[in-house]
Each structure stands twice: as C-alpha cells, then as structure tokens.
Amino acid sequence: MATPDFRKIGFIGLGAMGKHMVEHLANKLPDESRIYIYDVSSPPIEELARRYPRKVIPSTSSQDVAENATVILSMVPEGKHVEAVYLNPETGIAATAPESLRNKLLIDCSTIDIATSLAVKAHITTHHPTTTFYDAPVSGGTLGAKAGTIAFFLGCAKTDPNLPRIAELLRLMGSKVIPCGGATSGLSAKLCNNYLSGLIAIASSEALNMGIRAGLDPRVLSDVISAGTAANAICADYNPCPGVVDKAPSSRGYEGGFKVQLMKKDFGLAVELARGVGARLVLADVGLETYEAAAGDPECRDRDSRVVYRFLGGDEGWRERFT
C-alpha cells in the first residue's frame with residue numbers, strides 16, 4: 001500500500017459545501033501541497049485562489065484537474081452533474097489520457113442515484129483499470145462542512161487497501177469516515193439516512209407547531225424532546241422553529257443549511273432505492289409530496305429544508321406569546 005501523498009489534490013464542485021471542504025484542505029494540508037480546483041461558476045474559484053494564492057490552483061475543466069492531481073474529489077448536486085464531471089468525452093475526468101490517470105483515486109462525495117454511480121465506476125474500471133472510483137457522500141449539511149464535522153459514508157470495505165489513505169484525507173474535512181461495504185454502499189447508507197432525517201424534520205415541525213398552539217413555549221418543548229425518547233439531532237441542532245436554536249438556519253430566515261430542493265431530490269432517490277430493493281415504506285408518499293410542494297413554494301424554495309415548518313403553517317411569531 002502506498003504511503004499517503006497529498007501533495008496534489010483535486011477538487012471539483014465548489015458549492016455551499018464543497019467550498020468549505022476546500023478551505024479545510026487549504027488550511028490543514030502541508031505548505032508544499034497544491035489543490036487544483038474547478039467549478040462551472042467562476043466566483044468561488046477566484047475567491048479561493050485569492051485567499052490561498054500559493055496552495056490553490058484554478059483549473060479550466062475536470063480533465064485539467066485530473067491531469068494534475070493524484071487524488072480527485074467531486075461534490076456536485078445531481079447525477080447528471082457527476083456524469084458530466086467524469087464521463088464528458090471532451091472535458092471530463094475519463095477524457096484524460098490513460099497514462100495521466102494511472103493509479104489515481106477518484107472520490108465522489110455527491111449524493112446521487114445508484115445507477116449513475118455504478119455507470120461511472122464501470123467506465124473508469126473498464127477504461128482506466130489502475131484508477132479506483134469510490135462513492136463517499138457526506139452528512140452534516142453546510143454547517144457541518146463549515147465546522148469540519150461532516151461524516152463521510154464511504155463505499156468501500158474495511159479491508160480495502162486504500163482505506164487508510166482515503167480516511168486520512170477525508171478527516172481533514174470531517175470528523176468521521178465510515179466504510180459501508182462495497183461500491184455504492186455509501187450512497188445507499190446516505191439515502192437511508194436522509195429519508196429518516198427528512199421524516200424527522202416533518203414530524204418535529206408538526207410536534208413543535210402543535211405544542212405552541214397548545215400553549216407550550218417551543219424552547220421548553222424542545223428541552224422535553226431532548227430529554228425524552230423523541231430526542232433527535234434535528235431538534236437539537238437544526239430546530240425547525242425559528243428562535244429556539246440560535247445557530248440553526250431557521251433562526252436566520254432559513255438561510256444556509258441543506259436546501260429544500262436537495263431534500264426533495266434525496267428523499268425521492270431514497271424512495272426509488274426502496275422500490276428497487278423491495279422495501280416497504282408507509283410514510284414515503286406523504287413525505288415526498290410534502291417536500292415536492294415545499295420546494296415549489298416561493299416562501300420556502302432555496303431555503304434550508306427545515307423550512308418545512310413554515311410550509312406546514314408553523315407559528316414563527318411565537319415570541320410574542322412567550323416572554
């Protein structure tokens with residue numbers, strides 16, 4: 001097994017989470033390391049290159065990143081974007097000459113459909129047999145990406161010889177790396193997690209609004225939930241009710257966090273996964289309908305997914321009643 005070498009890292013996708021992940025790499029990698037970055041949008045490239053002029057190197061395409069870096073990470077919104085990053089015949093990673101891609105590691109941190117991830121892996125394996133592709137979706141949202149506390153769900157076995165090297169790199173950006181099994185096992189784990197997280201956000205929103213209307217201060221009710229059998233990270237860290245948790249997106253007009261459109265996408269992918277494996281879901285239809293409607297509501301769109309509290313008619317002016 002090769003000794004970890006992080007002198008030439010590539011990162012494709014500088015959105016709300018990817019940008020923070022690159023910041024952690026730039027702050028923690030040795031001075032001699034170089035990070036080759038690319039995004040379809042120029043401003044984040046320019047900003048990172050300006051802030052880290054010696055360490056961050058702008059690139060012109062995904063292929064350009066792959067030609068220079070030995071480990072390449074990607075973090076883009078949907079399967080079609082992953083397909084473009086890796087398989088575009090002119091600008092994608094797979095367009096790189098075989099000798100330039102030899103023995104490199106490709107790590108996709110996007111949350112996408114299983115079929116696309118398998119197609120990318122199959123293409124890489126067939127045309128670049130010495131190069132290895134892994135799925136490694138993350139959990140923790142924008143707040144976790146900024147704090148460096150996200151968890152990586154890695155699609156590889158605990159016995160994979162590349163695991164120590166990959167885990168060491170990923171821990172520079174997050175707090176936990178969990179090898180989940182074989183190819184796409186990381187994606188399956190992430191979809192299961194987001195299905196549950198999405199349902200918890202809906203249920204928490206309903207419970208909080210119900211409690212407020214019954215005369216309960218949502219701060220007190222949230223303490224009750226945290227102390228009881230319904231304790232969950234959504235109420236504790238991302239409370240859907242504005243003003244209960246200061247750092248939660250809800251307390252900042254639902255700005256930042258995990259956009260409701262992305263929750264709609266992930267929830268739909270989870271439902272698709274369940275159908276594919278024959279798993280019965282009794283809450284799936286109403287959950288998906290809720291996020292589809294919220295994502296299309298102008299008062300909710302482009303806001304953190306816990307804005308489902310607003311969509312469900314949650315009381316956002318509760319402070320006037322509880323002083």
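User: Leaving aside its neighbours within four places in sequence, which residues is Ser62 in contact with?
Analyst: In this predicted model, Ser62 touches Ile12, Tyr38, Val85, Thr91, Gly92 and Ile93, not counting neighbours within four places in sequence.

User: OK, and is Ser62 buried or exposed?
Analyst: Buried: the relative accessible area of Ser62 is 4%, and the cut-off for calling a residue buried is under 20%.

User: Which helix does Ser62 lie in?
Analyst: Ser62 is part of helix α3, which covers residues 62-68.

User: Switching to α1 and α2. At what angle do they pack?
Analyst: About 15°, with the axes 11 Å apart. Here α1 is residues 18-28 and α2 is residues 42-51.

User: So are they roughly parallel or roughly antiparallel?
Analyst: Roughly parallel, because angles under 35 degrees count that way.

User: And is the crossing left-handed or right-handed?
Analyst: The crossing of α1 and α2 is right-handed.

User: Which residues make the contact?
Analyst: From α1, Lys19, Val22 and Glu23; from α2, Glu47, Leu48 and Arg51.

User: How many of those are charged?
Analyst: Four are charged and two are nonpolar, with no polar residues in the contact of α1 with α2.

User: Different topic: what does UniProt place at residues 8-180?
Analyst: The UniProt record, an unreviewed entry, puts "domain: 6-phosphogluconate dehydrogenase NADP-binding" there.

User: How much of residues 8-180 is helix, and how far apart are the end C-alpha atoms?
Analyst: That span is 38% helix and 22% strand, and its end C-alpha atoms are 27 Å apart.

Methods: Residues numbered from 1 in each chain as written. Predicted model: local features only at pLDDT ≥ 70, side-chain atom pairs only at ≥ 80, totals over all residues. Heavy atoms only, no water. Axes fitted to C-alpha atoms, helices over the stretch in contact; angles between N-to-C directions. Helix = DSSP H or I, 4+ residues; strand = E, 2+ residues; numbered from the N terminus. Parallel < 35°, antiparallel > 145°, perpendicular 65-115°, else oblique. Left-handed = near helix turned anticlockwise from the far one by under 90°. Contact = heavy atoms within 4.5 Å. Nonpolar A, V, L, I, M, F, W, Y, C, P; charged D, E, K, R; others polar. Buried < 20%, exposed > 50% of the residue type's maximum accessible area, 1.4 Å probe, protein only. UniProt positions renumbered as here; feature names shortened; annotations may be inferred.
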